[in-house]
Amino acid sequence: MRVHIASDHAGFDLKTTLVVELKAAGYEVVDHGAAVYDALDDYPAFCIACAQGVVADEAAGVEALGVVLGGSGNGEQLAANLVKGARAVLVTHLDLAVLGRSHNNANIIALGGRFTAAEFAWALVQAFLTTPFSGAERHARRVAQMTQFETTGKIEPTAPAV
């Protein structure tokens, strides 16, 4: 699996640690920056590039997920979600990592470097990367509704199959 990763200065140290862990676990890592610590850098370009990489790989049939990091993870999640096809979730708890994948088919995890210890961040990322989308009808229906809105600007709620 290919893992795209990006951070600003606030997530830089955590990103460095996660890149080492990801490579040691056998993942192919694509680092979208920051390449060096710069206390004045901004996260949007890095996180958008990460999300674009994930979406492009998915479109090409390459199994890929993403990790975006910053101080809180909030802005990083928002930036990643600007990319059509990106479904980034902010994760602060192990169950949220699992549910983001299994229920929402999220393809990017956002973490706050100022709020997440490195060891716990690695556990969250591992849970996210190894959890498949359940494919359950109700979850697939909801993801399809979001994709429909993202594509057409319209949403047609559907009643669950009885």
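**Exercise 1. Find which residues of strand 5 are buried on each of its two sides.**

Let's start in the middle of this predicted model.

Step 1. Take one side of strand 5: Ile108, Ala110 and Gly112 are buried there.

Step 2. Turn to the other side, where Ile109 and Leu111 are buried as well, so both faces are covered.

Step 3. In a regular strand, side chains alternate between the two faces of the sheet.

Step 4. Count along the strand: five of the five residues are buried, so strand 5 is largely enclosed by the rest of the structure. The cut-off behind this step is a relative accessible area under 20%.

**Exercise 2. Work out the strand order of the sheet and name its edge strands.**

Step 1. Begin with the neighbours of strand 5. Strand 3 is joined to strand 5 by five bridges, and strand 4 is joined to strand 5 by three. Both pairs run parallel.

Step 2. Look at single residues. Ile109 of strand 5 has Val67 opposite it, and Val89 also stands opposite Ile109. Leu69 has Leu111 as its bridge partner in strand 5.

Step 3. Extend this to the whole sheet: five strands, paired in parallel, form an open sheet in the order 2-1-3-5-4.

Step 4. Read off the ends. Strand 2 (28–31) and strand 4 (88–90) each pair on one side only, which makes them the edge strands. From one strand to the next, the twist averages 25°.

**Exercise 3. Determine which strands helix 1 lies across and which strands helix 5 touches.**

Step 1. Follow helix 1: it lies across strand 1, strand 2, strand 3 and strand 5. Relative to strand 1, helix 1 runs at about 165°.

Step 2. Now follow helix 5, which packs on the sheet and touches strand 1, strand 3, strand 4 and strand 5. The directions of helix 5 and strand 5 make an angle of about 170°.

**Exercise 4. Identify what builds the largest nonpolar core.**

Step 1. Size it up: this core has 24 residues, and those with the most contacts inside it are Leu18, Leu22 and Leu111.

Step 2. Trace the suppliers. Strand 1 (2–7), helix 1 (12–24), strand 3 (64–70), strand 5 (108–112) and helix 5 (118–130) each give at least two residues. Helix 5 contributes the most, with seven residues.

Step 3. Zoom in on Leu18. Beyond its neighbours within four places in sequence, Leu18 is in contact with Ile5, Val67, Leu69, Leu111, Ala121, Trp122 and Val125.

Step 4. Check for a separate core: apart from this one lies another, of 17 residues, including Cys47, Ala79, Val83 and Ala88.

**Exercise 5. Describe how exposed Gln126 is and how far it lies from Val98.**

Step 1. Place the residue: Gln126 lies in helix 5.

Step 2. Gln126 has a relative accessible area of 35%, so it counts as partly exposed.

Step 3. Compare sequence with space: Gln126 and Val98 are 28 residues apart in sequence, while their C-alpha atoms are 9.7 Å apart.

**Exercise 6. Decide how the radius of gyration of the protein chain compares with that of a compact globule.**

Step 1. Lay out the elements. The chain has six helices and five strands, running β-α-β-α-β-α-β-α-β-α-α from the N terminus.

Step 2. For 162 residues, a compact globule would have a radius of gyration near 15 Å; the chain has 15 Å, so the two agree.

Step 3. Add the overall picture. The C-alpha trace spans about 50 × 30 × 30 Å along its principal axes, and 45% of the 162 residues count as buried. The chain exposes about 8,200 Å², with 59% of it supplied by carbon and sulfur atoms.

Definitions and conventions
Residues are numbered from 1 along each chain as its sequence is written. This is a predicted model: local features need pLDDT of at least 70, side-chain atom pairs count only at pLDDT 80 or more; totals for chains, interfaces and linings use all residues. Side-chain values use heavy atoms; hydrogens and water are left out. A nonpolar core is a set of buried Ala, Val, Leu, Ile, Met, Phe, Trp, Tyr and Cys residues joined through side-chain atoms within 4.5 Å. Buried means under 20% relative accessible area, exposed over 50%, partly exposed in between (1.4 Å probe, protein chains only). Helices (H or I, at least four residues) and strands (E, at least two) are DSSP runs, numbered from the N terminus. Contact means heavy atoms within 4.5 Å. Two strands pair if DSSP finds at least two bridges between them. Axes are lines fitted to C-alpha atoms, for helices over the stretch in contact, and angles run from 0 to 180 degrees between N-to-C directions. The radius of gyration is taken over C-alpha atoms; the globule rule is 2.2 Å times the number of residues to the power 0.38. Accessible areas come from the Shrake-Rupley method with a 1.4 Å probe; for residues, only the protein chains shown count as cover.
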